[in-house]
Amino acid sequence: SKMTVKAVKMPCTTPNVYTKVPDGGWGWTVAFAFFFVEALTYGIIKSFGVFFNDLMDSFDETNSRISWIISICVFVQTFTAPLSTVLSNRFGHRFVVMAGGVLVSTGMVTASFARTVADMYVTIGLVSGLGYCLSFLPTVTILSQYFDKRRSLVTAVASTGECFAVFSFAPAITALKEQIGWRYSLLSVGVLQLSIVVCGSLLRPIVIKEQAEEEVKAQPPEEPTETKYMLENEQTRTSIESIDSGVEITTSPRNVPGNTKAEPKSEEPKEHAQTLVGNNSPPTEPKTKLLDFSVMRDSSFICYAFFGLFATLGFFAPSLYIIPLSRSLGISKDHSAYILSAMAIAEVFGRISAGWVLNKKPIRKIYIELICVVLLSVALFAFPFASEFWGLMTCSIFFGFMLGTVAGTHIPLLAEDDVVGIAKMSSAAGVYVFIQSLAGLAGPPLAGVLVDKTQNYSSAFYSCAAGMVLGAVFLSLVRPCKAGLCHRQQLGAEEGAAEGTVEGTQDLPEDFIEMDIGKADHSGKGCDSAA
């Protein structure tokens with residue numbers, strides 16, 4: 001029946017089967033798709049600042065109320081991350097990403113017809129936010145599964161899609177607004193985001209069968225079931241009818257009657273005997289968990305999640321407020337767009353540099369990430385000291401470079417053994433991004449409230465810098481927590497092994513050795529008589 005199921009599957013839906021992580025192959029196509037998914041998700045979110053002043057004028061709203069559009073979008077995107085993980089494990093990454101592309105495009109196109117800021121909260125915040133989550137997270141997760149040694153470098157390079165998007169979209173949308181207005185410009189962006197559906201269609205699932213093949217090689221090449229039953233029947237001195245009657249068949253000393261002499265046996269027949277009963281019933285495959293919350297018991301992951309929670313405060317607000325800040329300093333619209341584009345280009349080099357450095361071995365990647373987070377905090381503190389175009393340009397380039405080193409690596413680092421490892425990458429990514437949702441919701445409005453209270457855009461960057469510093473503190477605790485956890489597990493394993501040895505010795509029947517010696521003598525006499 002299994003062969004029939006495989007035969008009716010369409011070629012485009014069958015997974016790529018490898019004996020080990022390919023570090024390439026179809027993974028390059030997945031990386032290509034991830035590049036454009038990044039551009040059409042985070043690239044659009046970071047470029048949304050070009051609509052900021054237009055929305056304030058059209059809806060006659062304050063900074064904080066307009067900021068809630070992106071805040072709700074980022075919150076929904078991160079809050080629904082576990083849902084994205086569950087759907088991906090249930091229906092596959094391809095289907096989820098394609099559905100997310102439809103939602104993103106629908107929300108953005110509908111937002112172009114909004115009459116109030118509340119309409120924007122629903123269309124961009126809820127609908128597009130959910131679509132962003134369903135599009136981005138499954139793509140980066142499956143990309144990590146296609147690469148091992150090159151994972152950091154490939155992910156970093158592919159994630160530069162959002163940087164190129166900001167670099168190209170910011171001036172392009174600014175020029176387009178001058179021609180057709182912000183509403184039709186927003187409509188054009190929504191139609192463009194429908195391309196995510198095409199990118200999702202390229203995400204073929206991957207299956208690694210290295211362990212399964214090793215198990216097959218370890219088993220005897222050909223041994224019919226009847227032969228196994230007869231072999232076990234002879235070794236255990238048990239009638240074949242006992243198998244049909246449901247009696248447990250095993251060569252364990254506990255199941256050998258006191259008046260029965262057991263023959264000496266090797267470990268391999270013992271393993272065969274223990275699996276006899278299972279051969280009569282269809283094998284039950286272990287169910288794959290749709291979402292594994294066991295990562296929440298890992299102290300190193302908890303520290304890393306708190307790092308993501310506070311660091312998110314500094315991810316989105318600067319790109320939203322850099323243009324209003326530059327305008328408040330008397331810089332023209334065109335030059336303000338150039339500042340945002342320069343930030344995006346610097347982020348490209350930051351992502352590639354971080355990927356290249358983290359690809360080197362041996363290197364403790366978590367420490368490199370910590371250095372980048374500290375420097376990113378310094379960059380955020382530097383913005384309020386800029387007073388003219390070139391000063392703001394310098395701060396933007398420095399911030400963009402450091403942001404690239406962190407933003408392009410903080411999710412793929414979940415696959416490293418210092419955090420949770422590749423086996424729990426999918427569930428950990430869902431929980432991690434879910435925890436980030438609180439900061440994604442509070443970050444931009446908090447900055448907007450500070451701007452409204454102080455009438456100074458510099459206060460927004462101070463709040464981002466404070467969050468990044470707290471994130472650096474928790475990131476510095478990840479490695480010590482992981483080392484302590486591994487040490488406790490090792491001690492527990494050693495104690496368990498010692499207790500198991502003692503219990504195993506105590507469980508042996510008193511006549512166990514005598515039985516074997518007697519059986520050995522009996523076999524020896526039989527051989528002599530045969531000779």
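## Surface patch, core and salt bridges of a predicted model

Ile371, Val374, Leu375, Val378 and Phe398 make up a nonpolar patch on the surface, and their accessible area together is about 400 Å². The structure is a predicted model. Helix α20 (residues 365-382) is the element that gives the most to the nonpolar patch, namely 4 residues. Phe398, also a member of the patch, is found in helix α21 (residues 389-407). With a relative accessible area of 33%, Phe398 is partly exposed. A general tendency gives context for such a patch: in soluble globular proteins, nonpolar side chains tend to be buried together.

**Overall make-up**

The protein chain has 25 helices and 2 strands. It holds 531 residues, of which 47% count as buried. The area that the protein chain exposes is about 26,000 Å², and carbon and sulfur atoms supply 63% of that area. If contacts in the protein chain between residues at least 6 apart in sequence are taken, 85% of them join residues at least 24 apart.

**The nonpolar core**

The largest nonpolar core has 120 residues, and the ones with the most contacts inside it are Met120, Tyr304 and Leu414. Helix α8 (residues 117-146) supplies the largest share of this core, 12 residues. Domain 1 (16-210) and domain 2 (292-495) each contribute at least three residues to this core.

Which residues does Leu414 touch, leaving aside those up to four places away in sequence? The list consists of Phe301, Tyr304, Val419, Val420, Gly421, Met425, Ala428, Ala429 and Tyr432. Tyr304, named above among the core residues with the most contacts, is thus one of the residues that Leu414 touches.

**A mostly covered helix**

Helix α9 (residues 151-158) is mostly covered, with 6 of its 8 residues buried. The buried residues in α9 are Arg151, Ser152, Val154, Thr155, Ala156 and Ala158. Their cover includes α2 (27-40), α8, α10, α19 and α20. Among these elements, α8 also gives the largest share of the nonpolar core, and α20 gives the most to the surface patch.

**Salt bridges**

The count of salt bridges comes to 6. Three of them are listed below with the closest distance from N to O.

| Salt bridge | N to O distance |
|---|---|
| Glu162 and Lys46 | 2.6 Å |
| Asp54 and Lys177 | 2.5 Å |
| Arg351 and Glu347 | 2.8 Å |

The side chains of Glu162 and Lys46 meet in a salt bridge. This pair links distant parts of the chain, with Glu162 in helix α10 (residues 161-192) and Lys46 in helix α3 (residues 42-47), 116 residues apart. Both Glu162 and Lys46 are buried.

Asp54 forms a salt bridge with Lys177. Because Asp54 lies in helix α4 and Lys177 in helix α10, the pair ties together parts that are 123 residues apart in sequence. Is each partner buried or partly exposed? Asp54 has a relative accessible area of 22% and is partly exposed, while Lys177, at 17% relative accessibility, counts as buried. The two fall into separate classes because buried means under 20% relative accessible area.

Arg351 forms a salt bridge with Glu347. Both residues lie in helix α19 (residues 333-358), where they are 4 residues apart, about one turn of the helix. An α-helix has 3.6 residues a turn, so residues three or four places apart point the same way. Both Arg351 and Glu347 are buried. Salt bridges that share partners join Lys46, Glu162, Glu347 and Arg351 into one network.

**Positive phi angles**

Most residues other than glycine have a negative phi. Where does the model depart from this? Asp60 is not a glycine, yet its phi is positive, about 55°. Asp60 has its place in the loop between α4 (52-59) and α5 (63-79). Its relative accessible area is 69%, so Asp60 is exposed.

Gln455, a residue other than glycine, also has a positive phi, near 55°. Gln455 lies in the loop between α22 (425-454) and α23 (458-475). At 67% relative accessibility, Gln455 counts as exposed.

Conventions
Residues numbered from 1 in each chain as written. Predicted model: local features only at pLDDT ≥ 70, side-chain atom pairs only at ≥ 80, totals over all residues. Heavy atoms only, no water. Patch = residues over 30% accessible without salt bridge, like charges linked within 9 Å, V, L, I, M, F, W, Y side chains within 5 Å. Areas by Shrake-Rupley, 256 points an atom, 1.4 Å probe, with all protein chains shown as cover. Salt bridge = Lys/Arg side-chain N within 4 Å of Asp/Glu carboxyl O. Buried < 20%, exposed > 50% of the residue type's maximum accessible area, 1.4 Å probe, protein only. Core = buried A, V, L, I, M, F, W, Y, C linked by side-chain atoms within 4.5 Å. Domains from an automatic or database assignment. Contact = heavy atoms within 4.5 Å.
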